[in-house]
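Hi there,

Here is the structure I promised to pass on. Have a look at it, and then read on for my notes.

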Amino acid sequence: METTMLTFAVTGATGAQGGATTRALLDADQRVRALTRRPDSPAADTLRALGAEVRHADFDDRVSLDAALRGTDSLFAVTTPFGTDIATEARQGKALVDAAADARLGHVVFTSAAHADRGTGVPHYESKYVVEQHLRASGVPWTVIAPAAFMDNYASGWTLDGLRDGVFAWPMPADRPLTLIPAADIGAFAALVLQRRDEFTGHRVDIASDERTPAEMTEILASAIGRPITFQEVPLAYVRRRSEDLAAMFDYFTTTGLDVNVTALRRDHPEVGCHTFADWAAAQDWPALLSSAPAHH
């Protein structure tokens, strides 16, 4: 008996989560339509080479969204507050949900943030929750996956700047655990959910692959990099001068904490192949990262 191939649309396909989801679906021999604002970018060419169909889609251009979703069965939806703002993120996320509803998609998997449904007061969590609520009300079969803190952020920006100087600077106490996940695992979990629609429809799942304190992260980073690293707690006031949003997030991490049951997730979904923080750190090209130009603030 022939099974009909489903076509999975993936937004943010050239970004971290969308890229990881696209790769995981292609690895599972699925048909992927990668949606991006820049179909002519090198990142889009890479996805084409891997076997994805690449289509132009702009969240602020409803006609492009309708065209991009036409003929697809399911959608991986990601929105981003960074580079825009949270009002834009909420508006764009709602537009994407509306386009998915009009296209009568069989399933929309939206990637949010762990605890975004708990009234955190963190602006870029609240904007994701607005989109979650719009999705639930849309009538489209939905699943929300809600990743913990991104491991990938530890190899970029001001964290990487600090590591160049032998310092792991982080706005949390040394002994406060934080649940973490790399983009690869988010993609693997999203691909699993997309392929097992019946099992996951109507569920909201917080996801994480490991839980580590900043003190433990410091040791793991030192081991992976191969040089001594010292932990330094960054005052929240310093973060707040740069971003109220990020300061609110770190305050939440420190006071309430990002509680996700990592053990249960690893047990229930072994096929995701969860990476620990040590796995992730060992896989990074630290010599190249550390010799790259510092981030501008």
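T22, R23 and L26 in helix 1 meet T46, L47 and L50 in helix 2, where contact means heavy atoms within 4.5 Å. By type, the residues of this contact are three nonpolar, two polar and one charged (Ala, Val, Leu, Ile, Met, Phe, Trp, Tyr, Cys and Pro count as nonpolar, Asp, Glu, Lys and Arg as charged, and the others, Gly among them, as polar). Helix 1 covers residues 16–27 and helix 2 residues 42–50, and they pack at about 10° with their axes 10 Å apart (axes are lines fitted to C-alpha atoms over the stretch in contact, and angles run from 0 to 180 degrees between N-to-C directions). The two helices are therefore roughly parallel, the word for angles under 35 degrees.

A word on provenance: this is a predicted model, in which local features need pLDDT of at least 70 and side-chain atom pairs pLDDT 80 or more, while totals for chains, interfaces and linings use all residues. Residues are numbered from 1 along each chain as its sequence is written, and side-chain values use heavy atoms, without hydrogens and water.

Overall, the protein chain has 14 helices and 12 strands (DSSP runs numbered from the N terminus: H or I of at least four residues, E of at least two). Of its 297 residues, 50% are buried, meaning under 20% relative accessible area with a 1.4 Å probe, protein chains only.

Strand 8 (residues 167–170) is worth a look too: V167 and A169 point one way, F168 and W170 the other, and all are buried. Strand 8 pairs with strand 12 (residues 230–233) in the parallel sense over four bridges; pairing requires at least two DSSP bridges. There, F168 has F231 as its bridge partner.

Best wishes

Methods: Angles under 35 degrees count as roughly parallel, over 145 as roughly antiparallel, 65 to 115 as roughly perpendicular and the rest as oblique.
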